[in-house]
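Let us walk through this fold together, strand by strand. Keep the sequence and the 3D view side by side as you read.

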Amino acid sequence: MDKSTNEKFKAFTNKFFATKNITDSYKDVQWGSTESQKIRFQYICKLFEKDQSNDITLLDVGCGLGHLYDFILEKNYNNIRYSGLDIQKDFIEFAKKKHPEGNFMNKSLFELDADKHYDYLVASGTFSVTVPNENMKIFLEESVEKMFALCNKGIAFNLLTTRMPSEYIGTTETHFNPVEILDMCFKLTNRINLYHSYKPNDFTILMYK
Ligand SMILES: C[S@@+](CC[C@H](N)C(=O)[O-])C[C@H]1O[C@@H](n2cnc3c(N)ncnc32)[C@H](O)[C@@H]1O
């Protein structure tokens with residue numbers, strides 16, 4: 001992604017997620033409920049839950065308030081060395097106060113050094129915003145390519161689906177066609193899982209090297 005497009009995406013996303021009074025709630029990061037946030041984490045964590053290695057490095061792209069880190073601690077995934085990244089400065093400051101031992105960075109995925117690798121990269125809810133007059137599928141493809149290039153073992157992300165019941169139609173968020181996205185992911189690897197059964201409007205993709 002070129003510098004000016006990255007700046008445009010950053011400015012829009014920053015404004016979209018600007019929250020006056022952060023309370024550490026799912027609402028601050030624009031989820032509908034704690035349950036819907038957590039079921040997404042549950043599917044994201046399928047990426048590494050069978051990995052028995054001692055020290056697994058994980059980067060949470062679009063970490064918000066670090067709720068995935070809370071979830072990982074709650075579930076006792078003791079072998080995970082967590083880092084979070086978000087372009088929303090206030091979220092990162094809040095997450096750092098909550099978890100002083102955590103590694104939280106205030107930058108965009110596209111500002112990460114190409115030589116900094118993690119075993120796994122994940123993104124939950126990171127690709128739902130619609131930036132006006134931008135091709136969100138190209139943005140997603142570039143994001144997935146970047147995440148996959150930076151991982152040693154694999155990546156996971158979730159998206160809102162176009163294959164949803166009619167009551168979800170008409171929202172301003174970006175919905176993706178799961179079949180098209182699967183095709184896109186097969187350009188990078190054949191080792192893919194797609195979960196489209198845990199919520200009516202969402203799906204998760206896991207991709208392995
Ligand atoms: C819906 S929130 C989800 C936050 C968190 N993953 C969770 O589930 O609680 C999406 C987050 O992604 C961040 N984000 C979007 N695009 C990003 C990018 N390119 N790089 C870093 N963060 C990004 C936003 O600032 C926002 O905090």
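A good place to begin is strand β1, which runs parallel to strand β4 (residues 118–123) and is joined to it by three bridges. Strands count as paired here if DSSP finds at least two bridges between them. Helices (H or I, at least four residues) and strands (E, at least two) are DSSP runs, numbered from the N terminus. Within this pair, Asp60 has Val122 of β4 as its bridge partner.

Two notes before we go on. Residues are numbered from 1 along each chain as its sequence is written. The model is a predicted one, in which local features need pLDDT of at least 70 and side-chain atom pairs count only at pLDDT 80 or more, while totals for chains, interfaces and linings use all residues.

Now look at the other partner of β1. Strand β1 (residues 56–61) pairs with strand β2 (residues 80–85) in the parallel sense, over six bridges. You can follow the register through two positions: Ile56 stands opposite Ile80, and Leu59 has Ser83 as its bridge partner. Helix α3 (residues 67–74) completes a right-handed β-α-β unit with β1 and β2. Right-handed means that, with the strands pointing away from the viewer, the path from the first strand over the helix to the second runs clockwise.

Strand β2 also runs parallel to strand β3 (residues 103–105), to which three bridges join it. Here Leu85 stands opposite Met105. Between β2 and β3 the chain passes through helix α4 (residues 89–98), and this β-α-β crossover is right-handed.

Helix α4 deserves a pause. Which of its residues are buried? They are Phe91, Ile92, Phe94 and Ala95. These residues lie on the same side of α4 because they cover an arc of only 165° around the axis, the arc being that of the directions from the helix axis to the C-beta atoms. An α-helix has 3.6 residues a turn, so residues three or four places apart point the same way. Turned away from the buried side of α4 is a face that carries the exposed residues Lys89 and Lys97. As for the terms, a residue is buried if 20 or more other C-beta atoms lie within 10 Å of its own, exposed if 12 or fewer, and partly exposed in between, with C-beta atoms placed from the backbone.

In the loop between β2 and α4 you will find Gln88. Why does Gln88 count as buried? Because it has 25 C-beta neighbours inside 10 Å. Gln88 also belongs to the surroundings of the ligand: of the 21 residues there, Gly62, Gly64, His67, Gln88 and Gly125 come nearest. A residue is near a molecule if its C-beta atom, placed from the backbone, lies within 6 Å of it. By class, this shell has eight nonpolar, 12 polar and one charged residues; Ala, Val, Leu, Ile, Met, Phe, Trp, Tyr, Cys and Pro count as nonpolar, Asp, Glu, Lys and Arg as charged, and the others, Gly among them, as polar.

Back in the sheet, β4 leads on to strand β5 (residues 151–161), which runs parallel to it and is joined by five bridges. Tyr120 has Gly154 of β5 as its bridge partner. Together with helix α5 (residues 136–150), β4 and β5 make another β-α-β unit, which is right-handed. In the loop between β4 and α5 sits Asn133, a residue other than glycine with a positive phi near 60°. Most residues other than glycine have a negative phi. Asn133 counts as exposed because it has 6 C-beta neighbours inside 10 Å.

Strand β5 has further partners. With strand β8 (residues 202–208) it pairs in the antiparallel sense over seven bridges, and Phe157 stands opposite Ile205 there. With strand β6 (residues 175–176) β5 runs parallel, joined by two bridges, and Thr161 stands opposite Phe176.

Finally, the UniProt record, an unreviewed entry, places the feature "domain: Methyltransferase type" at residues 59–142. Over residues 59–142 the chain is 30% helix and 21% strand, with the end C-alpha atoms 17 Å apart. UniProt positions are given in the numbering used here, feature names are shortened, and annotations may be inferred rather than shown by experiment.
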